[in-house]
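The following exercises concern one protein structure. Each sets a task and then works through the solution in steps.

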Amino acid sequence: MDQFFSRKEKSSESHPNLPDQDNIPSHIAIIMDGNGRWAKSRGLPRSAGHREGLKTITEVVEKSGEIGVDYLTLYAFSTENWKRPKTEVEFLMKLPERFLHKELPRLKKNNVQVKTIGDPSVLPQHTRRAVEKAVQETAGNTGLILNFALNYGGRQELVEVVRDFGEEIRNGTLQPDDITEEMLSGRLLTKDIPDPDLLIRTSGEIRLSNFMLWQLAYSEFWFTDVLWPDFTGSDLVEAVQRYQQRKRRYGGV
Ligand code: V07
């Protein structure tokens, strides 16, 4: 299959393991954890785990389009990740280029739109350029939205919104009592993206690590011990199956 059918062009063939075609999560967010541990268990440097993690992204993007997901948000680099050793940060900052050099032609062909959330201002020039190019060249695509959280932090995102509100209150254009949830949502980096229906975190850690704090308020969470480089398309399908089971249970109450 060459097209990652999604959004406006749903695949006519339903996925064999997902009978509930009306209940596909529109937005899946993933914390891609366990690359370092995957490498360590093989006596390899952490960089080998990160590199292997790129292959998983390709597989998960493909499967997401296939099953009809509209938005896929991947936590690629957090605002806390700058604390890692300089050599590892430098390696990580080459991964967007590495991924896009290989995958951008196929993403374009498959109608995928690349987006990002996070503060790009402190990224190395070479990283920013590669990402901007991908965003620009896929801006007109109408299929799966592939959203990379890159130098993203949930608290920082909220602090920016609070600052905006503070400024408007100071200049008299806003009354504190007039602030609503919708206004706050509308000022987040995800203002053009619906909240995630399903959060997946790999590698056995059960925490949010500053990821989409506001947006995940009502999402289903799916944690797996599988390390990100070992995660496959069928692991994704399993997570969606479990999501559908939970939704069916809630519906019955
Ligand atoms: C990174 C590889 C995958 C495993 C998890 C962490 C490491 C893809 C990107 C990326 C980011 C922006 C973009 C295209 C690709 C990426 C970093 C790390 C910093 F437009 N994977 N990946 N960026 N990892």
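**Exercise 1: The largest pocket**

Task: Determine how the lining of the largest pocket divides by residue class, and where that lining comes from.

Solution. Begin with the classes: in this predicted model, the lining of the largest pocket comprises 19 nonpolar, 11 polar and 8 charged residues. Next, consider the space and its centre. The volume of the largest pocket is about 880 Å³. Its lining counts 38 residues, and those nearest the centre are Met32, Tyr75, Ala76, Phe77 and Asn81. Then assign the lining to elements. Two or more residues each come from helices H1 (35-40), H2 (46-67), H4 and H5, and from strands S2 (71-78), S3 (113-117) and S4 (145-152). The largest contribution is that of H2, which gives 5 residues.

**Exercise 2: The second largest pocket**

Task: Describe the second largest pocket by its volume, its lining residues and their classes.

Solution. The volume comes first: about 210 Å³. The lining consists of 14 residues, with Asp119, Gln156, Glu157, Glu160 and Leu189 closest to the centre of this pocket. As for elements, at least two lining residues come from S4 and at least two from helix H6 (154-170). H6 gives the most, with 5 residues. Sorted by class, the lining of the second largest pocket has 4 nonpolar, 5 polar and 5 charged residues.

**Exercise 3: A pair of helices**

Task: Establish how helices H4 and H5 are oriented towards each other and which residues form their contact.

Solution. Two quantities describe a pair of packed helices: the angle between the axes and the distance between them. For H4 (residues 95-109) and H5 (residues 125-137), the angle is about 10° and the axes lie 10 Å apart. An angle under 35 degrees counts as roughly parallel; therefore H4 is roughly parallel to H5. The contact can now be listed from both sides. H4 contributes Pro96, Glu97, Leu100, Leu104 and Lys108, while H5 contributes His126, Thr127, Ala130, Val131, Lys133, Ala134 and Glu137. By class, this contact of H4 with H5 contains 6 nonpolar, 2 polar and 4 charged residues.

**Exercise 4: The whole protein**

Task: State which elements make up the protein, and assess its radius of gyration against that of a compact globule.

Solution. The protein contains 8 helices and 6 strands. Read from the N terminus, their order is β-α-α-β-α-α-β-α-β-α-α-β-β-α. For the extent, the C-alpha atoms fill a box of roughly 55 × 50 × 35 Å along the principal axes. Finally, a compact globule of 253 residues would have a radius of gyration near 18 Å; the protein has 19 Å, so the value agrees.

Note on methods
Residues numbered from 1 in each chain as written. Predicted model: local features only at pLDDT ≥ 70, side-chain atom pairs only at ≥ 80, totals over all residues. Heavy atoms only, no water. Axes fitted to C-alpha atoms, helices over the stretch in contact; angles between N-to-C directions. Helix = DSSP H or I, 4+ residues; strand = E, 2+ residues; numbered from the N terminus. Parallel < 35°, antiparallel > 145°, perpendicular 65-115°, else oblique. Contact = heavy atoms within 4.5 Å. Nonpolar A, V, L, I, M, F, W, Y, C, P; charged D, E, K, R; others polar. 1 Å grid on protein atoms, 1.4 Å probe; cavity = no way out; pocket = protein on both sides within 12 Å on 5 of 7 lines; lining within 4 Å. Points joined across faces, edges and corners; volume = space filled by probe spheres on them. Rg over C-alpha atoms; globule rule 2.2 N^0.38 Å.
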